[in-house]
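Visitor: Please take me through one part of this model in close detail. I would like to hear about the aromatic rings and the packing around them.

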Amino acid sequence: MATGRTHRPATRSRGIPEATVARLPLYLRALTALSERSVPTVSSEELAAAAGVNSAKLRKDFSYLGSYGTRGVGYDVEYLVYQISRELGLTQDWPVVIVGIGNLGAALAGYGGFASRGFRVAALIDADPAMTGKPVAGIPVQHSDDLEKIIAEDGVSIGVIATPAGVAQQVCDRLVAAGVTSILNFAPTVLSVPDGVDVRKVDLSIELQILAFHEQRKAGEEPGDETAPQPVPPAVPQAATRTAADSGRKGPDGDVPAVMPA
């Protein structure tokens with residue numbers, strides 16, 4: 001089986017937009033579920049609903065793959081699974097190293113979805129000497145002093161950073177210098193990388209803040225919410241209206257919640 005170091009996905013060279021690439025895993029997840037239920041074909045409407053997109057966008061995305069389906073029949077599920085897997089580079093072996101085996105790193109090491117999607121956890125790496133040799137998810141942890149040797153021996157091109165923010169950039173620099181060209185970053189910091197290196201950032205706190213924003217908005221729209229602006233009766237003079245509004249306005253240090261900047 002080919003390794004990640006010698007074969008790269010062809011999506012960029014074929015001109016597939018990044019937005020389409022970002023949706024391909026959603027289609028693959030939905031198609032895999034259909035395949036496991038032995039569903040032979042699926043319509044664009046059914047697949048779009050399962051993936052959470054509209055059918056016109058799905059058909060446009062699939063046109064970049066050269067797949068148009070059959071009128072009245074739909075798309076062949078097994079063929080689409082293969083086609084999307086090939087475009088994403090999942091028909092080959094991708095060795096991955098996880099650096100930082102704390103609670104999050106250990107949870108990632110035990111995630112079964114890696115192997116089923118073409119990713120092999122080649123090594124777990126941590127700077128704590130007490131962790132060296134300790135098995136996590138059946139894989140012995142190796143010390144960070146051996147990072148470069150591990151990457152070279154296993155032909156690793158994808159690194160996962162699950163370290164504290166303060167050391168994430170240093171770890172990133174070492175990964176890149178050793179030949180890693182794609183990084184999945186769970187550390188709460190922005191990494192600086194040279195051209196030719198791809199970084200995907202996963203920040204759970206930001207996602208939670210966005211959800212909190214929407215929850216706050218929904219709470220403010222509930223019927224009978226006293227914090228929602230109330231219409232001013234037309235019979236009230238303008239001066240009196242201004243005074244009433246000013247008396248209820250919160251100052252800069254008031255208790256009206258503000259959206260925290262990202």
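Guide: What follows covers the ring pairs, then the core, then one helix contact. Keep in mind that the model is predicted.

Start with the rings. The count comes to three aromatic pairs. One of them joins Tyr27 and Phe62: the ring centres are 5.1 Å apart and the planes stand at 75°. Planes over 60 degrees apart count as edge-to-face, so this pair is edge-to-face. Tyr27 belongs to helix H1, and Phe62 to helix H3, which spans residues 55-64. The pair therefore ties together parts that lie 35 residues apart in sequence.

Phe62 has a further partner in Tyr75. That pair is also edge-to-face, with 5.1 Å centre to centre and 85° between the planes. Here, too, distant parts of the chain are linked: Phe62 sits in helix H3 and Tyr75 in strand S2 (residues 75-76), 13 residues apart. Ring pairs thus link Tyr27, Phe62 and Tyr75 into a cluster.

How accessible are these rings' residues? Tyr27 is buried. Phe62 has a relative accessible area of 0%. Tyr75 comes to 5%. Buried means under 20%, so Phe62 and Tyr75 both count as buried.

Now the core. The largest nonpolar core holds 23 residues. Tyr27 and Phe62 are among those with the most contacts inside it, together with Leu31, Val42, Leu47, Leu58 and Ile84. H1, helix H2 (44-51), H3 and H4 each supply at least two residues of this core. H1 gives the largest share, seven residues.

Take Leu58. Neighbours within four places in sequence aside, Leu58 is in contact with Tyr27, Ser44, Leu47, Ala48, Val53 and Tyr75. Two members of the ring cluster, Tyr27 and Tyr75, are on that list. Another core lies apart from the one just described. That separate core has 19 residues, including Ile125, Leu147, Ile161 and Val171.

Last, the helix contact. Helix H1 (residues 18-36) packs against helix H4 (residues 77-87) at an angle of about 145°. The axes of H1 and H4 are 9 Å apart, and the crossing is left-handed. From H1, the contact uses Leu24, Tyr27, Leu28, Leu31, Thr32, Leu34 and Ser35. From H4 come Val77, Glu78, Leu80, Val81, Ile84, Ser85 and Glu87. These residues divide into nine nonpolar, three polar and two charged. Tyr27 recurs throughout: in the pair with Phe62, in the core and in the contact of H1 with H4.

Terms used: Residues numbered from 1 in each chain as written. Predicted model: local features only at pLDDT ≥ 70, side-chain atom pairs only at ≥ 80, totals over all residues. Heavy atoms only, no water. Axes fitted to C-alpha atoms, helices over the stretch in contact; angles between N-to-C directions. Helix = DSSP H or I, 4+ residues; strand = E, 2+ residues; numbered from the N terminus. Left-handed = near helix turned anticlockwise from the far one by under 90°. Contact = heavy atoms within 4.5 Å. Nonpolar A, V, L, I, M, F, W, Y, C, P; charged D, E, K, R; others polar. Phe/Tyr/Trp six-rings, centres within 6.5 Å; stacked < 30°, edge-to-face > 60°. Buried < 20%, exposed > 50% of the residue type's maximum accessible area, 1.4 Å probe, protein only. Core = buried A, V, L, I, M, F, W, Y, C linked by side-chain atoms within 4.5 Å.
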